[in-house]
Amino acid sequence: MALRNVAMRALLLLAVVSVAYAAKGKEKKKESADGPAASGPAASGPGGEYDITKLGAKPDGTTDCTEAVEEAWASACGSTGNPTIIIPKGDFLTGALNFTGPCKGDGLTIKLEGNLLASNDLAKFKSNWIEIMRVKKLSITGKGNIDGQGKAVWTKNSCQKNYNCKILPNSLVLDFCDDALIEGISIINSKFFHMNIFQCKGVTVKDVKVTAPGDSPNTDGIHMGDSSNVSIIDTTIGVGDDCISMGPGTTKVNISGVTCGPGHGISIGSLGRYKDEKDVTDITVKNCVLKGSSNGLRIKSYEDAKSPLVASKITYENVKMEDSGYPIIIDQKYCPNKLCTSKGDADRVTVKDVSFKNITGTSSTPEAVSLLCSEKKPCEGVTMSDVKIEYSGKNNKTMAVCSHVKVTATGVDKANTCAA
């Protein structure tokens, strides 16, 4: 009986092992039929392509695809050559995506043909939605959408009333990135800023559409700070805040062929809110159209600026206004929500060498030119040539409201340009 029991146990063990191997063989066959298991290199296609659907992402707009997208990034960033992450047609829902370099290859492309959707569960975000950090030679191209789905949470934004508010997630953030290209895509309905560029060198945004309702709070189109050599070309932006905002430390910026509206215009600033901010210089805005924006070309600084800084070498040329409010505005008394702690006695921001050339069209307010400069830091070197803006209301007459500035004007009605 004992020998028989031993034999039976041996047969039973052999059967269990056989079943296990059979199951493992079936699992391998299933992986072969359905695609490889979720591992980076196994998901690579021809030329180092990483399709997120091969890593488990479902294009149904409801399945959380965060893990699959981040795995595609990890594999591509760790690859040599010029890898590409493929986001095919369909709707892919994700939480926070953290894409961190430096990467191993010669350049990395995200090909966006479908739509990335941001979750509306704010607990999934520590700060931003898609944050790309310390990457060189990055390209994001395609015809798809980066959709922040902000409408569901805009009511939770209290930043217009309280500076100590909780910031909602920005949609696309580039931090410490060099030689980046964003082309062809659309960025829509962000919860906060649509695109934020910080401490980057050499960023080109071309043929991009950025859109949100005109009443959506703090949905700046493209914001940049502490960055240089940024070009925004042939891009359409209509949002609930600044179409483009250039913060402290921004230098060598070219904005060309941009259509802005709705929105708060193309702005430099706000400047001076924080201590030790860096200068803004070498800014060119050219061949642009502003449609129904609440402001046009704007420079704004806090009257209680914390530290000295300079905004200089700023050129606006060939810009058309279509019913824009306050088409030309320099505001050194900027103080939203009346939260400033001084009445201008601490002015520390210098605005100088600002040129307005061939600025034409219509204004939705009679105040086409508003230059409100500081008594302690008057604006210097402001020039205007061929500025011809008409009020779209009665009489078509505009006016200038100016303080502490002298303007050198040619081809302009002096009564409307603060000219000496």
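The exercises below work through a predicted model of one protein chain, each with a solution in steps.

**Exercise 1. Establish how many helices and strands the protein chain has, and what share of its residues count as buried.**

Solution. Begin with the secondary structure: the protein chain holds two helices and 32 strands. Turn next to burial, where 50% of the 420 residues count as buried. For the accessible surface, the total is about 19500 Å², and carbon and sulfur atoms make up 51% of that area. Finally, consider the contacts with a separation of 6 or more, of which 76% are between residues 24 or more positions apart.

**Exercise 2. Determine the strand order of the open sheet of 11 strands, and identify which strands form its edges.**

Solution. Following the pairing across the sheet gives the order β5-β8-β11-β14-β17-β20-β23-β25-β27-β29-β31, with parallel pairing. The edges are β5 (97-100) and β31 (399-403), each of which pairs on one side only. From one strand to the next, the twist averages 15 degrees. Helix α2 (residues 66-77) packs on this sheet, where it touches β5 and β8 (130-133), and its direction makes about 5 degrees with that of β5.

As a check on the register within the sheet, take strand β14 (residues 195-198) and strand β17 (residues 222-225), which pair in the parallel sense over four bridges; here N196 stands opposite H223 in β17.

**Exercise 3. Decide whether strand β29 (residues 367-372) is largely enclosed or left open, and describe how it pairs with β27 and β31.**

Solution. Count the buried residues, taking buried as under 20% relative accessible area: five of the six residues of β29 meet this condition, so the strand is largely enclosed by the rest of the structure. Now look at its partners. Strand β27 (residues 328-334) runs parallel to β29 and is joined to it by four bridges, with I329 standing opposite S370. β31 also pairs with β29 in the parallel sense, over five bridges, and the bridge partner of E367 in β31 is M399.

**Exercise 4. Locate H264, for which UniProt has an "active site" annotation in an unreviewed entry, and describe its surroundings.**

Solution. First place the residue: H264 is in the loop between β22 (259-260) and β23 (266-271). Its relative accessible area is 25%, and because partly exposed covers values between the cut-offs of 20% and 50%, H264 is classed as partly exposed. Then list its contacts, leaving aside neighbours within four places in sequence: these are G240, D241, D242, C243, S294, N295 and R298. In the case of G240, the backbone oxygen lies 3.3 Å from a polar atom of the H264 side chain.

Definitions and conventions: Residues are numbered from 1 along each chain as its sequence is written. This is a predicted model: local features need pLDDT of at least 70, side-chain atom pairs count only at pLDDT 80 or more; totals for chains, interfaces and linings use all residues. Side-chain values use heavy atoms; hydrogens and water are left out. Two strands pair if DSSP finds at least two bridges between them. Axes are lines fitted to C-alpha atoms, for helices over the stretch in contact, and angles run from 0 to 180 degrees between N-to-C directions. Contact means heavy atoms within 4.5 Å. Buried means under 20% relative accessible area, exposed over 50%, partly exposed in between (1.4 Å probe, protein chains only). Accessible areas come from the Shrake-Rupley method with a 1.4 Å probe; for residues, only the protein chains shown count as cover. A polar contact is a pair of N or O atoms within 3.5 Å; within protein, one must be able to donate a hydrogen and the other to accept it, and residues adjacent in sequence count only if both atoms are side-chain atoms.
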